[in-house]
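Me: I'm new to reading protein models. Could you walk me through the features of one?

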Amino acid sequence: MGAFTLPQNEKDKEARQKFLDNQPKIYEYVDKTKPNYKAEDMDIGLPLMKDPGPADANQADWALKIFTLFLKIRTNEQAIYDKTGYDFMTPKPVRDIPRFVEVLKSKGNIQDYFIPDPGFIQGDASMGRAKSINDYTDKVFVDRTPDNKGTAPLPDMAKVWDKDETFAYNFLAGPNPNQVKRYTLANKPADFDLTDFDLGSIPGFEGDQIGAAIAAGRVYIVDHSDMKELFANLPGAPAPNAAPRTFNGVRSADWKYVYAPYAAFAVPPGGNHMMPIAIQCGPKADGHQIYTPKDGYSWKMARACVLAAHNNHHEVVSHLGLTHLLMDPIVMATRLHLHPDHPIYQLLSPHFEGTADINHGARTSLILPEKSVDRLVGSKIEMNYPYLLKNRFGHSFRKNFIPTRFEAFGINDTRLLPNYPYREDSLLIWNAIRNWVSEYVAIWYTKEGDIQADFELQRWANEINTKGRVLDFCLPGVSGVRDRDDLIDMLTMTIFTCGPQHAAVNFPQGSEMLFIPANPMAGYAQAPQGLGHSEKDFLAILPPLDVAVHSWAILSTLAGVNNTRLGDYRGAFNLHPKSELARQGFLGKLRAIEEQIKAANKTRRSIYNLEYVHLLPSRIPASINI
Amino acid sequence: MKPNLTRRSLVGSALLAISSQAFAHPWVDFLGQKDLDRSIFAILQQYLQLTEEDRPLMPAFIRRLQTKDLHTEDPETFKRWARGGKETQAELEAYVVEEFVVASNFFAVRAGEESRLRILPI
Ligand SMILES: [Fe+2]
């Protein structure tokens, strides 16, 4: 690789173009209309890289991390088999040299070798239902020493999961932390009208009035009512939102459920964080009423319905759809249109390390029927595809720039909505990335005309906007990059999504979601109707233990591989002192942010008994690779 | 920075190597250091195609298997399998092969990122 050059300044233009002309032979979109298409390529209707190319492999440190992790996870899985006495459908995972060697040769399924889905618990009339909340610790986190070490330590979340503060925390610092909106008279859903709500009767809000709270901008909402689109409406099912549980062709007698709920929150006058005030688990027309924190186990069940929907949305939309699969066509365009000597290729490529590879794995395995996503989320697997497509294609690149989204959602005012960890930390990092990218762009594009003259860059942006179908990647009426500011916007959002945004939606899987009652991804009973529910009713809505075990293993894997680091470009700028100097400035800024977040975490711990660690720069990977 | 190897530091590191090797094999009485090195190396040669030039890695690898928390079986189990002869050979083989892959730069060598196998620092 030579020194970085813009294409208009390239000395050997012919060789450079020849290289690029060959790229479409290596990089193809998966497309079922092409003659070389095979069913296992899984065209799901999105523009995605068919097969990862040579630049898209994970490096060796990734393989080392995942194998090391799998050995640990398997140790706990074995302990579960040995100590619970459950008769799972799948035999206990054991060491097996021929299979292991096959896995090393990349011919065997690594997940099936180390941590296969255990399948249902056989011979259990209750279908593996928990008999008490303790089952979710004692039967899942089995290889755990009294001082909480071993291969399955309990996360802090397991101590505080049941509090209403923690429920609120999930929407401010949990796995899907950017769904909260301000509730106003102008945007209130007709089916969830709180204008007559008796706010003053809610503990902590004595004397407060809903009208005043809405007018002051202290009421917030999470609206998952459009998840009705995920209802399978199956003939013979107990409800429209029920889907069968199947594994290896075997059907369990029970059902899983997805919901379309609303949850409302409010900040008390002078309060330092929002608290939940009301939940409606689905449309009023379907008989759903409003529950409040005064409703005992009925309230807990309603909370579980909201979390099940929210986490189903998290995996399908916020995690898979809007990080992994949104970046895939940007990787494609970079490989197709930017020569490796292009300075923007060098800036972006480390942010794409392993992305096409992991996406290929997800597309061809994880999201297939009966595989992990199907086993863990509430919606029937086939129902997720149109919902994923709608959300992915409808997601405006520009309207979701971090500051823009917070403003549009009415959640940018730190006085009205204090102690929102994801908002606070993501803004710091957004600004640091924007600064770094601005300096880098100024180094390589010394005058505005350089942008228009850069035909590789123009084709790159156009590809993403058209074939890549990334909505609003280009400005209205522009078919490429308008100017340096425009390029800075595109790069900031891309890098932010690859690094911090994916970190924010991926790593809470290992802290907030690991203890499954804290954050289920599906319900296992219909949403509550009426009042007066018991602990037994609440347990019935929580996941069965086969799901809890498999969920623990999968989420431990997804959150356990933390490879590559934001700000580390694997030496790409070694020969370019100006760029390297700017990168050093970025690293310095990240170090300062690290200290700022650590200080803020002291306050957060005092409020929520939890710290928000997922956007500490020292923990943010450069790329989406797990 | 230039490496600054004095005679004293060379002697020092040689002494350290000797003492850590002695420490590495507390059950040397049962098997003999060389026998253990040889049997573990034979397993890795067979399944992971290690070559003669990788043989010197054995003491460091075996030392890792006896260090707390760096592997999936406790050192006592490893010891039992290593001493168990034919009856425990299958367990020993499977264990050693899996552990070597994560105790070394196996993946980096396979990917061409590094040229020689080495045991990763603890
Ligand atoms: Fe991910």
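Reply: Sure. Let's begin with the labels: helices are DSSP runs of at least four residues, strands are runs of at least two, and both are numbered from the N terminus. Take A:Thr564: its place is the loop that joins helix H21 (545-560) to H22 in chain A. Keep in mind that this is a predicted model.

Me: What is notable about phi of A:Thr564?

Reply: Phi there is near 70°, a positive value in a residue that isn't glycine. A:Asn248 also has a positive phi, near 50°, and isn't glycine either. You'll find A:Asn248 in the loop between strand E3 (242-247) and strand E4 (250-257) of chain A.

Me: Are A:Asn248 and A:Thr564 buried or exposed?

Reply: The cut-offs are under 20% relative accessible area for buried and over 50% for exposed. A:Asn248 has 57%, so it is exposed. A:Thr564 has 13%, so it is buried.

Me: Now the metal. Which protein atoms are the donors of the iron ion?

Reply: There are three histidine nitrogens, NE2 of A:His319, A:His324 and A:His502, plus the O atom of A:Ile626. They lie 2.1 to 2.2 Å from the iron ion. Along the chain, the donors follow the spacing H-x4-H-x177-H-x123-I. One pair links distant parts of the chain: A:His324 sits in helix H9 (residues 296-337) and A:Ile626 in the segment after helix H22 (577-608), 302 residues apart. Both of these residues are buried.

Me: How do I read the angles at a metal?

Reply: Start from the ideal: four tetrahedral donors would give 109.5 degrees. Here the angles among the four donor atoms run from 91 to 163°, and the site of the iron ion is irregular.

Me: And how many cavities does the structure hold?

Reply: The general idea first: rolling a probe the size of a water molecule over the atoms shows where empty space is left. This structure holds four cavities of 30 Å³ or more. The largest has about 80 Å³ of space, and its lining includes A:Trp161, A:Phe167, A:Lys300, A:Arg303 and A:Phe538. H9(A) gives the largest share of that lining, four residues. Helix H7 (164-173) and H9 each supply at least two. By class, the lining has eight nonpolar, one polar and two charged residues.

Me: What lines the second largest cavity?

Reply: That cavity has about 50 Å³ of space. Its lining is A:Pro244, A:Arg245, A:Thr246, A:Lys256, A:Asp374 and A:Arg375. E3(A) gives the most, with three residues, while E3 and helix H12 (372-376) each supply at least two. By class, you get one nonpolar, one polar and four charged residues.

Me: Last topic: how many disulfides does a search of the whole structure find?

Reply: A disulfide is a covalent bond between the sulfur atoms of two cysteines. The search finds zero over all chains. A:Cys305 is in no disulfide, and the nearest cysteine sulfur, that of A:Cys281, is 4.0 Å away. For a pair to count, the sulfur atoms must be within 2.5 Å. A:Cys305 is buried, with 0% relative accessible area. A:Cys498 is in no disulfide either; the nearest cysteine sulfur belongs to A:Cys474, 17 Å away. At 1% relative accessibility, A:Cys498 counts as buried too.

Note on methods: Residues are numbered from 1 along each chain as its sequence is written. Chains are lettered from A and ligands numbered from 1 in the order in which they are written. This is a predicted model: local features need pLDDT of at least 70, side-chain atom pairs count only at pLDDT 80 or more; totals for chains, interfaces and linings use all residues. Side-chain values use heavy atoms; hydrogens and water are left out. Donors are N, O and S atoms within 2.8 Å of the metal (3.2 Å for Na, K and Ca); water is not among the atoms, so sites may look incomplete. Four donors count as tetrahedral if all angles lie between 85 and 135 degrees; four count as square planar and six as octahedral if opposite donors are over 155 degrees apart and all others between 65 and 115; anything else is irregular. Buried means under 20% relative accessible area, exposed over 50%, partly exposed in between (1.4 Å probe, protein chains only). On a 1 Å grid over the protein atoms alone, a cavity is a set of points where a 1.4 Å probe fits but cannot get out, and a pocket is an open set with protein on both sides within 12 Å along at least five of seven lines; lining residues have an atom within 4 Å of a point. Grid points are joined across faces, edges and corners, and a volume is the space filled by probe spheres set on the points. Ala, Val, Leu, Ile, Met, Phe, Trp, Tyr, Cys and Pro count as nonpolar, Asp, Glu, Lys and Arg as charged, and the others, Gly among them, as polar.
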